[in-house]
Amino acid sequence: MTIAITGAAGQLGHLAIEALIARGVPAAELVAVVRTPAKAADLAARGVQIREADYGDPAALTAAFEGVAKLLMISASEVGQRIAQHANIIDAAKAQGVGAIVYTSLLRADTSPMLLAAEHAATEKLLDASGIPHTLLRNGWYWENYVLALPAVLEHGALVGAAGSGLVAGAARLDYAEAAAVAVQGDEHMGKVYELGGDEHLTGADLAALIAAAADKPVVFQDLAEEDYAALLAQAGVPLAGAQVLADADAQAGRGALDTDSGDLRALTGRPSTPAANVIEAALHG
Ligand SMILES: NC(=O)c1ccc[n+]([C@@H]2O[C@H](COP(=O)([O-])OP(=O)(O)OC[C@H]3O[C@@H](n4cnc5c(N)ncnc54)[C@H](OP(=O)(O)O)[C@@H]3O)[C@@H](O)[C@H]2O)c1
């Protein structure tokens with residue numbers, strides 16, 4: 001049974017492919033759909049089929065899905081373009097008779113007030129309309145999101161955000177990747193909606209304390225108003241639209257948008273989620 005993975009050259013894609021291989025799926029039955037084949041050379045070396053397609057190229061996508069039974073559709077990364085890109089992927093899958101799609105959505109995408117949720121909610125509707133059996137993996141926050149800012153956090157001794165004392169039930173990218181592998185491998189997950197979050201529920205202050213402990217340096221949490229945080233991100237070089245989306249995500253996290261007690265992630269992976277401390281430790285000390 002051939003399983004295709006979009007976004008396969010990316011970080012989640014790589015981890016999901018590793019997880020599928022670790023779960024016994026032969027590499028030759030995996031199709032990595034990538035925009036930049038050079039970024040999938042390691043996957044090719046393992047025997048994974050590499051097919052090149054940009055999400056803006058319906059013909060290439062259709063060719064890429066030839067003979068594919070199931071698709072792990074990792075959400076695209078260009079915010080603002082994603083509804084059209086996801087529509088192209090779903091249309092191409094339908095044209096090739098792909099039998100099932102597992103889509104990486106966002107926590108409570110259908111009701112979440114986060115700006116990021118709109119494209120995911122629209123994609124979920126496209127999947128419903130496609131008639132293709134599908135599974136929604138509504139991913140919560142990656143702990144790795146906090147690692148990106150580590151150099152600046154350590155330089156200034158402050159983790160800056162806008163989430164106040166809001167709890168985030170994050171997990172490692174690896175946890176979401178393993179859940180995706182499990183969901184696409186078995187048939188019992190079709191038609192299901194999973195709200196995925198980790199076992200830990202942490203505030204910005206908790207994360208600052210974990211960073212301080214791992215780096216052995218004082219780090220405080222500095223809570224800003226949403227617009228001030230957006231301005232700071234823009235000043236740091238994040239394009240304005242992206243800065244607003246990130247600041248909105250943080251502010252909504254402050255109101256609980258990234259917290260969940262569903263237990264769905266642990267149920268899929270069969271193990272506790274990776275502690276944030278491990279992700280921070282790995283980022284700081286390898
Ligand atoms: N829940 C969260 O906290 C969170 C955090 C980050 C991301 N996400 C979501 O999860 C997805 C996977 O995350 P990730 O960490 O694996 O991201 P990533 O490492 O940036 O990987 C994204 C992949 O998508 C590919 N891609 C982007 N635009 C494309 C296009 N037009 N056509 C074909 N391929 C395209 C990229 O290709 P290239 O290698 O050629 O650039 C890249 O390989 C993201 O796309 C985003 O939707 C969620």
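## Around the ligand

In this predicted model, the ligand is surrounded by 23 residues. The closest are Leu-12, Arg-35, Thr-36, Ser-75 and Asn-145.

Polar atoms of the protein also sit beside the ligand. A polar backbone atom of Gly-10 is 3.0 Å from an oxygen atom of the ligand, and a polar backbone atom of Gly-140 is 2.9 Å from a nitrogen atom of the ligand. Arg-173 contributes its side chain instead: one of its polar side-chain atoms lies 2.9 Å from an oxygen atom of the ligand.

## Helix 8, home of Arg-173

Arg-173 is one of the buried residues of helix 8, a helix that covers residues 173-185. Its 13 residues reach 18 Å from the first C-alpha to the last, close to the 18 Å expected at 1.5 Å a residue.

How much of helix 8 is buried? The count is 10 of the 13 residues, so the helix is largely enclosed by the rest of the structure. Besides Arg-173, the buried residues include Asp-175, Tyr-176 and several alanines, among them Ala-177, Ala-179 and Ala-180. Val-182 and Val-184 are buried too.

## The parallel sheet

Seven strands make up an open sheet with parallel pairing, and their order is 3-2-1-4-5-6-8. Strand 3 (49-52) and strand 8 (193-196) are the edge strands; each has a single partner strand, so one side of each is left without a neighbour in the sheet. On average, neighbouring strands are turned by 20 degrees against each other, direction ignored.

At the strand 3 edge, strand 2 (residues 30-34) and strand 3 run parallel and are joined by four bridges. One residue to look at here is Gln-49, the bridge partner of Val-31.

## Gln-49 in the edge strand

Is Gln-49, a residue of strand 3, buried, partly exposed or exposed? Its relative accessibility is 27%, so Gln-49 counts as partly exposed. Leaving aside residues up to four places away in sequence, Gln-49 touches Ala-27, Ala-28, Leu-30, Val-31 and Ala-32. Gln-49 and Glu-29 are 20 residues apart in sequence, with 7.6 Å between their C-alpha atoms.

Within its own part of the chain, Gln-49 makes a polar contact, side chain to side chain, with Arg-51 (2.8 Å).

## Helix 5 across the strands

Helix 5 (residues 117-130) lies across strand 4 (70-73), strand 5 (100-106) and strand 6 (134-139). Relative to strand 5, helix 5 runs at about 160 degrees. The helix has 14 residues and reaches 20 Å from its first C-alpha to its last, close to the 20 Å expected at 1.5 Å a residue.

The buried residues of helix 5 are packed against strands 4, 5 and 6 and against helix 4 (82-95). Among them are Ala-117, Glu-119, His-120, Thr-123 and Leu-127. After helix 5 comes Gly-131, with a positive phi near 80 degrees.

## Thr-260, a buried loop residue

Thr-260 is found in the loop between helix 11 (240-253) and helix 12 (264-269). Why does Thr-260 count as buried? Its relative accessibility is 9%, and buried means under 20%.

Not counting residues up to four places away in sequence, Thr-260 touches Leu-107, Arg-108, Ala-169, Glu-195, Leu-196, Gly-197, Gly-198 and His-201. Inside the loop region, a polar atom of the Thr-260 side chain lies 3.0 Å from the backbone nitrogen of Ser-262.

Terms used. Residues numbered from 1 in each chain as written. Predicted model: local features only at pLDDT ≥ 70, side-chain atom pairs only at ≥ 80, totals over all residues. Heavy atoms only, no water. Helix = DSSP H or I, 4+ residues; strand = E, 2+ residues; numbered from the N terminus. Expected span 1.5 Å × (residues − 1). Buried < 20%, exposed > 50% of the residue type's maximum accessible area, 1.4 Å probe, protein only. Pairing = 2+ DSSP bridges. Axes fitted to C-alpha atoms, helices over the stretch in contact; angles between N-to-C directions. Contact = heavy atoms within 4.5 Å. Polar contact = N/O pair within 3.5 Å; in protein donor to acceptor, adjacent residues only side chain to side chain. Near = heavy atom within 4 Å.
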